[in-house]
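Student: I have a new structure open and no idea where to begin. Can we go through it bit by bit?
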Amino acid sequence: MSTPQSVRQLARYPLIPVIIVMAIAFEASTGSFVGQQNLLGIATDSATLAIVAVPTAMLVISGYLDLSVGSTYALGAVAAGWLASEHNGSMLGCVLLALLAGVAVGAVNGLLCCGLGLSPFIVTLGTLTAVRGIAQQLAPLPQTGFSESFAWLGGSKVAGLPSPVIIAILVVLVAGFVLVATPLGRHIYAIGVSREAAYLSGVRVRMVPFGLFLLTGALAALAGAIKASVLGAVQSGTAGLGFELAVLTAVLVGGVALAGGSGSLVGVVLGVAFLGILQNGLTLLGVPTFWQQVAQGVALIVAAGLAYLSPRLEAMTAPRPEAPKPVPVPA
């Protein structure tokens, strides 16, 4: 890759040098940051965030928003935990129940936002509160003592990789293929750029984002079930609390435009890695939790600055078109 091309890639993904600098600084400060076990721990902790950030990014690219993912995460954890603890449910049954709960929340959001045209911000803010209340009503007490089958979901390893990381990689690969190589991906971008123009071009401007609401709800609930399996316990009042802010920060830090129409899953994965590295590094340094929350809020503000500067840097480093050659004048 030539130097101008490298500069353009850095301008397109400004998080790459930021992540490298952070890793060097945390390694110099702690002496154990780049160890294999620590990096594997970061990947495991960030897996559930990636599983939810990917469909959320696709929804934002299409011009919609889902703020209820934190409560859907809690509902999925409670549903799977209830089946695993009260009825010794199998892993497959717990996962299916969590997915069903998440699809139900996504269907409500999709019908109100895509079917009736209500504001996604207001609707999903309402379901954020309502679904949290439902989860607390279903399981007011902590759930523990899960079945061995359900514990395998979050505690197993395949080829040395924890199962949550493998699930997150599969989600990223499938979603990336859909966005880049299928007509559905082009329709998602087209709806985000201009809903009217997409409609006139024959794109199903309601069904596509409705399906994305279903997908976001399902994967948010699945992430909750995975985290419940990893922890071996669920507390409905605290599960996924503030998770929607972390998801939105990863999506926006990763360069997805809140107005829709632009963004990439490569940027979202970098956004997830950025938050995971930041939280892990600050934890190793013994920084209190509330200061870590401050750092996450600052990261969101920095994301706004990067979103402003990135296209300008990319335009500055783009190759200039050659000037037209003068037409010889006949004598």
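Student: Which helix is N280 in?
Tutor: N280 sits in helix α13, which covers residues 265–284. Keep in mind that this is a predicted model.

Student: Is N280 buried or exposed?
Tutor: N280 is buried, because its relative accessibility is 15% and the cut-off for buried is under 20%.

Student: What does N280 touch, leaving out residues up to four places away in sequence?
Tutor: F33, N38 and I42.

Student: Ok, zooming out. How many helices and strands are there in the protein?
Tutor: The protein has 14 helices and four strands.

Student: And what share of the residues count as buried?
Tutor: 46% of the 331 residues.

Student: What about the area the protein exposes, how much of that do carbon and sulfur atoms supply?
Tutor: The exposed area is about 16600 Å², and carbon and sulfur atoms supply 70% of it.

Student: Which residues form the nonpolar patch on the surface?
Tutor: F290, W291, V294, V298 and V302 form it, and together they have about 480 Å² of accessible area. One of them, V294, lies in helix α14, residues 289–317. V294 is partly exposed, with a relative accessible area of 40%.

Student: Now helix packing. What do people use to describe two packed helices?
Tutor: The angle between the axes and the distance between the axes.

Student: At roughly what angle do α9 and α11 cross?
Tutor: Roughly 105°, and their axes come within 10 Å. Helix α9 is residues 183–193 and helix α11 is residues 207–231. The crossing angle therefore makes α9 roughly perpendicular to α11.

Student: Which residues meet there, between α9 and α11?
Tutor: On the α9 side they are L184, I188 and I191. On the α11 side they are V208, P209 and L212.

Student: And α7, how does its axis cross that of α11?
Tutor: The axes of α7, residues 148–155, and α11 cross at roughly 105° and come within 7 Å. So α7 is roughly perpendicular to α11.

Student: Which residues of α7 and α11 are in contact?
Tutor: From α7, F150, A151, W152, L153, G154 and G155. They meet A225, I226, A228, S229 and V230 in α11.

Student: Back to contacts along the chain. Of contacts between residues at least 6 apart in sequence, what share join residues at least 24 apart?
Tutor: 80% of them.

Student: Got an example? How far apart are S85 and F146?
Tutor: In sequence, S85 and F146 are 61 residues apart; in space, their C-alpha atoms are 4.5 Å apart. S85 belongs to helix α4. With residues up to four places away in sequence left out, S85 touches Q143, T144, G145 and F146.

Student: Where is V103, and what is V103 in contact with beyond its neighbours within four places in sequence?
Tutor: V103 is in helix α5. Beyond those neighbours, V103 contacts L214, G217 and A218. V103 is partly exposed, at 31% relative accessible area. Between the C-alpha atoms of V103 and G76 there are 10.0 Å, and the two residues are 27 residues apart along the chain.

Student: Different spot: where is A257?
Tutor: In the loop between α12, residues 243–253, and α13. A257 is partly exposed, with a relative accessible area of 25%. Leaving aside neighbours within four places in sequence, A257 is in contact with V60 and S262. The C-alpha atoms of A257 and G192 are separated by 9.6 Å, with their positions 65 residues apart along the chain.

Student: Last topic, backbone angles. What sign of phi do most residues other than glycine have?
Tutor: A negative one.

Student: What is phi of N88, then?
Tutor: Near 50°, a positive value although N88 is not a glycine. N88 lies in the loop between α4 (69–86) and α5 (91–115). N88 is exposed, with 59% relative accessible area.

Student: And what about the phi of A159?
Tutor: The phi of A159 is also positive, about 55°, and A159 is not a glycine. A159 is in the loop between β2 (157–158) and β3 (161–162). At 82% relative accessibility, A159 is exposed, because the cut-off for exposed is over 50%.

Key
Residues are numbered from 1 along each chain as its sequence is written. This is a predicted model: local features need pLDDT of at least 70, side-chain atom pairs count only at pLDDT 80 or more; totals for chains, interfaces and linings use all residues. Side-chain values use heavy atoms; hydrogens and water are left out. Patches are made of residues with over 30% relative accessible area and no salt bridge: like charges are joined within 9 Å, nonpolar side chains (Val, Leu, Ile, Met, Phe, Trp, Tyr) within 5 Å. Accessible areas come from the Shrake-Rupley method with a 1.4 Å probe; for residues, only the protein chains shown count as cover. A salt bridge is a side-chain nitrogen of Lys or Arg within 4 Å of a carboxyl oxygen of Asp or Glu. Helices (H or I, at least four residues) and strands (E, at least two) are DSSP runs, numbered from the N terminus. Buried means under 20% relative accessible area, exposed over 50%, partly exposed in between (1.4 Å probe, protein chains only). Axes are lines fitted to C-alpha atoms, for helices over the stretch in contact, and angles run from 0 to 180 degrees between N-to-C directions. Angles under 35 degrees count as roughly parallel, over 145 as roughly antiparallel, 65 to 115 as roughly perpendicular and the rest as oblique. Contact means heavy atoms within 4.5 Å.
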